[in-house]
Amino acid sequence: MRSPARPVWNVLGLAFLAGCGIGLGQVPVSLWPVAILALGLLLRFLSRQRPAHVAWAAFMAGGGHTCVTMYWITEPFFVEPEVFGWMAPFALALMGAGFGAFWAAGAGLGARLGHGPVTRALGIALGLGLTDAIRSYAFTGFPWVLFGHIWIGTPVAQLASLTGQLGLSCVTLLLAVTLSFPGRYRAGKGGLGAGLCLWLGTAAIWGWGQARLATPVDYPARPAEIRIVQPNAEQKLKWLPQYRALFFQRLLDQSSAPAKTPLDLIVWPETSVPFLLNWPGDGLEMVAQSGKGVPIALGIQRSDGDRYYNSLAVLDGQARITALYDKVHLVPFGEYIPFGDALAKLGISAFAAQEGNGYSAGRAETVLDLGPAGQVQPLICYEAVFPQDIRHAPERPDWIMQITNDAWFGQLSGPRQHLSLSQMRAIEFGLPVVRAANTGISGLIDPYGRLRERIGMNREGHLDVAVPKALPVTVYARLGDWPSITAMLVALLLLRGFGLIIVDRPRAEV
């Protein structure tokens, strides 16, 4: 006979702890074996629960995962703690509830499609994988700390060049299923064989990834020479009148420092200057002079009537704007309020971007022709999280230029997770990434996703780098996420329709 159901509080507490364990696989802790083991235990645990308990337990697991991986979401509230500090716990709770709701929906659906503990575990895993996909696109998307991200920094991450990050999530979840078979059940020869094949396949992927990483990075005959500038402007001081000139001078000084090799471009971080593009005073001339004739790409805010934009402008040696990009993929609630312009039509204009309350989105992704520096796709901060934003560019660039200000998100997990997602974009598209961050981490990422050169956290400085050649167009760049999403949907349908993927057979009672 089955053991009686555990008390609800016990179910929820164990699920929360399992979610915390899964979170330990994410950057910066990166204990991927712990994450897979914890995920396997969670799948085993959920597969034995009553259907009514599965969704609630998964909700708590998602909350635990959020507490470990996304606690940095509270950091912006402590830039001005006397004003916004009280909001921090509510922000983390809401973020945890949001993640938990996705996990609950996926696990609840998957649990109803299985025909026994093992197939329920598989169904829950596929449901959770599908929530990674939905979370990557729904409500403008938030593909952060996906299950597949535990492989960043390992050779397995190279699989993303074929399948993208959602394919890595599938591998992670399927491996966890092989650890989730309940003690009273056995999967039969077919299930055991499938589990062995999964682990052997992952070992083969590891070996293939290792061989790929051993390939020398190639450079053009005349590579683009780029200077990355990091001013280290602490966020809570950045806009104070007594500090603005200091931080601006740091940017000027680092840009004008002698270079061993002639430069093609100097890159400053997001929102790096204390003036608007429309009202610069003599600021643009000072920027151009610091480059000594070298073009400078800088993050700057600009206005157009009552609208404001988070922009990247490229200045030539005469302070003329030769290229301009407005950030397209804005951060909800951070850079704009969803439906704010629609509310303005009802007389509620306090949230309307068209009234100057928040940023307006740029029109479309683009590739900038920067002459000797090459064809470059600009990404501003959060945009590097979205592979679909790169796939929508009108042409393939030579490299990606990401400017960001991670000073909002503390000094530990937030900036490092953001950097790791830039590394994932490099792998997926086979493109080098030049990254300029306000307080770090700035550097050059090669097309295999390795951070080749860097300026560490909370350091002022500059870095002169030669940009390597892009790899041939990857499979993922051609096909995107749809093969992975389709595979998960088909597997769920097969699980529901036939129940033949794994056969659950109870052991004979002793």
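## Sheet and helix packing

Strand β2 (residues 225-230) and strand β3 (residues 265-267) run parallel, joined by three bridges. The model is predicted. Both strands belong to an open sheet of six strands with mixed pairing. Helices α10 and α11 pack against strands of this sheet. A helix pair, α7 and α16, is covered last.

**The sheet**
- Strand order is β6-β5-β4-β3-β2-β13.
- The edges are β6 (321-326) and β13 (461-466). Each has a single partner strand, so one side of each lacks a neighbour in the sheet.
- From one strand to the next, the twist averages 35°.
- Isoleucine 228 has valine 267 of β3 as its bridge partner.

**Helices on the sheet**
- Helix α10 (residues 241-256) lies across β2, β3, β4 (296-304) and β13. Its direction is at about 155° to β2.
- Helix α11 (residues 283-291) touches β3, β4 and β5 (307-315). The direction of α11 makes about 170° with that of β4.

**The α7/α16 pair**
- Helix α7 (residues 160-178) packs with helix α16 (residues 482-497) at an angle of about 30°. Their axes are 8 Å apart.
- Angles under 35 degrees count as roughly parallel, so α7 is roughly parallel to α16.
- From α7, the contact uses Thr163, Leu166, Gly167 and Cys170. From α16, it uses Ser484, Ile485 and Met488.
- Four of these contact residues are nonpolar, three are polar and none is charged.

Methods: Residues are numbered from 1 along each chain as its sequence is written. This is a predicted model: local features need pLDDT of at least 70, side-chain atom pairs count only at pLDDT 80 or more; totals for chains, interfaces and linings use all residues. Side-chain values use heavy atoms; hydrogens and water are left out. Axes are lines fitted to C-alpha atoms, for helices over the stretch in contact, and angles run from 0 to 180 degrees between N-to-C directions. Helices (H or I, at least four residues) and strands (E, at least two) are DSSP runs, numbered from the N terminus. Angles under 35 degrees count as roughly parallel, over 145 as roughly antiparallel, 65 to 115 as roughly perpendicular and the rest as oblique. Contact means heavy atoms within 4.5 Å. Ala, Val, Leu, Ile, Met, Phe, Trp, Tyr, Cys and Pro count as nonpolar, Asp, Glu, Lys and Arg as charged, and the others, Gly among them, as polar. Two strands pair if DSSP finds at least two bridges between them.
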